[in-house]
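The following paragraphs lead through one protein chain, from its overall organisation to its aromatic side chains. Please keep the sequence and the model side by side while reading.

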Amino acid sequence: MKRILAGIGIIAIVGVAGLGTAKALMSEAPTKPETAHGAKDSHSEPQSNKPAGAGVKAAVTALIPGKEGAHWGYEGAGGPQAWGSLNEANKVCASGQEQSPIDLTGGVDAEISNIALHWKPGAWNVVNNGHTIQVEGKDGGYATIDGERYDLLQFHFHTPSEHTIDGHNYPMEVHFVHKNAEGKLAVIGVLMMPGGENLLFTTIMDKAPKEEGSVSAGTVEQRGLIAPINGMYRYQGSLTTPPCSETVLWTVLSTPILVSQEDVARFKALFPANARPVQPINRRYVLRD
């Protein structure tokens with residue numbers, strides 16, 4: 001069954017327990033979905049009509065806010081409800097049938113192949129691109145998902161969480177963006193909630209520019225934002241920002257990592273809300289392991 005489901009491109013969302021069980025943590029902190037507000041006019045992403053590698057580059061850049069293209073945001077005239085009409089290249093934001101994020105409730109129990117992380121620390125930068133805080137650099141290692149290698153490109157944050165469980169958001173979510181040799185994207189999402197200390201997230205928020213710009217983060221150990229992988233959800237989806245390309249294999253941790261309330265507040269002071277609302281599942285399967 002695993003082979004059949006993998007063959008139809010279903011993506012994994014990995015559930016990891018930081019402390020306690022997923023059920024116990026879910027009962028403590030998630031809140032009902034919020035209407036996004038207060039974020040700056042958001043990242044614009046290059047729309048590519050070029051063949052071969054150019055299309056791949058555009059899809060990856062679409063996960064990197066702050067590039068050229070039509071301006072969009074999380075509220076008002078440029079908010080999510082308008083993304084599909086802001087630019088012809090963004091029309092799938094409105095018409096697509098495999099859009100992200102989604103509510104993960106009701107996943108089908110299945111035996112899903114695990115994810116092997118081969119990330120490695122390196123000297124990366126912390127970037128305020130006007131829409132989120134992003135950590136990026138070179139040669140951050142890779143992840144193996146369903147036997148395929150996906151190189152780690154960057155990771156960035158959203159508040160509240162973009163994915164929900166039983167209709168509830170967590171305070172934050174971090175997305176680790178990967179790409180394989182054929183240009184396919186795989187994103188590992190980790191839910192975040194207050195209740196502990198996380199040295200890496202504290203360091204990132206210490207370094208995060210208050211205005212748009214980039215600073216050195218020193219040596220970044222990406223594993224500081226992920227717990228041991230104990231379970232997962234998997235589904236096929238899209239970018240959660242324009243152009244909303246339906247090219248992403250999603251892996252999001254169902255159990256959050258714990259971070260400090262102070263660091264969550266510091267992120268929200270920069271970006272009060274930068275999460276796309278959940279999208280219809282339509283005819284997709286969501287696998288749960």
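Of the contacts in the chain between residues at least 6 apart in sequence, 75% join residues at least 24 apart. The model in which these contacts were counted is a predicted one, and its chain has 7 helices and 15 strands. Of the 289 residues in the chain, 55% are buried, while the area that the chain exposes comes to about 12100 Å², with 53% of it supplied by carbon and sulfur atoms.

Turning to the aromatic side chains, a search of the whole structure finds 10 aromatic pairs. One of them is formed by F155 and F157, whose ring centres lie 6.2 Å apart and whose planes meet at 80°, so that the pair is edge-to-face, given that planes over 60 degrees apart are classed in this way. F155 has 0% relative accessibility and therefore counts as buried, and F157, at 0% relative accessibility, counts as buried too; the cut-off that this step needs is a relative accessible area under 20%.

F155 and F157 also belong to one aromatic cluster, in which they are joined by W119, W124, F176, F201, F267 and F271. On the sequence, the reader can look up each of these cluster members, from W119 to F271, and then find their rings in the model.

Another aromatic ring to look for is that of Y142, which has a charged partner: the charged end of R149 sits over the ring of Y142, at 3.9 Å from the centre of that ring.

Notes: Residues are numbered from 1 along each chain as its sequence is written. This is a predicted model: local features need pLDDT of at least 70, side-chain atom pairs count only at pLDDT 80 or more; totals for chains, interfaces and linings use all residues. Side-chain values use heavy atoms; hydrogens and water are left out. Helices (H or I, at least four residues) and strands (E, at least two) are DSSP runs, numbered from the N terminus. Buried means under 20% relative accessible area, exposed over 50%, partly exposed in between (1.4 Å probe, protein chains only). Contact means heavy atoms within 4.5 Å. Accessible areas come from the Shrake-Rupley method with a 1.4 Å probe; for residues, only the protein chains shown count as cover. Rings of Phe, Tyr and Trp (its six-membered ring) pair if their centres lie within 6.5 Å; planes under 30 degrees apart count as stacked, over 60 as edge-to-face and the rest as tilted. A charge sits over a ring if NZ of Lys or CZ of Arg is within 6 Å of the ring centre and within 35 degrees of the ring normal.
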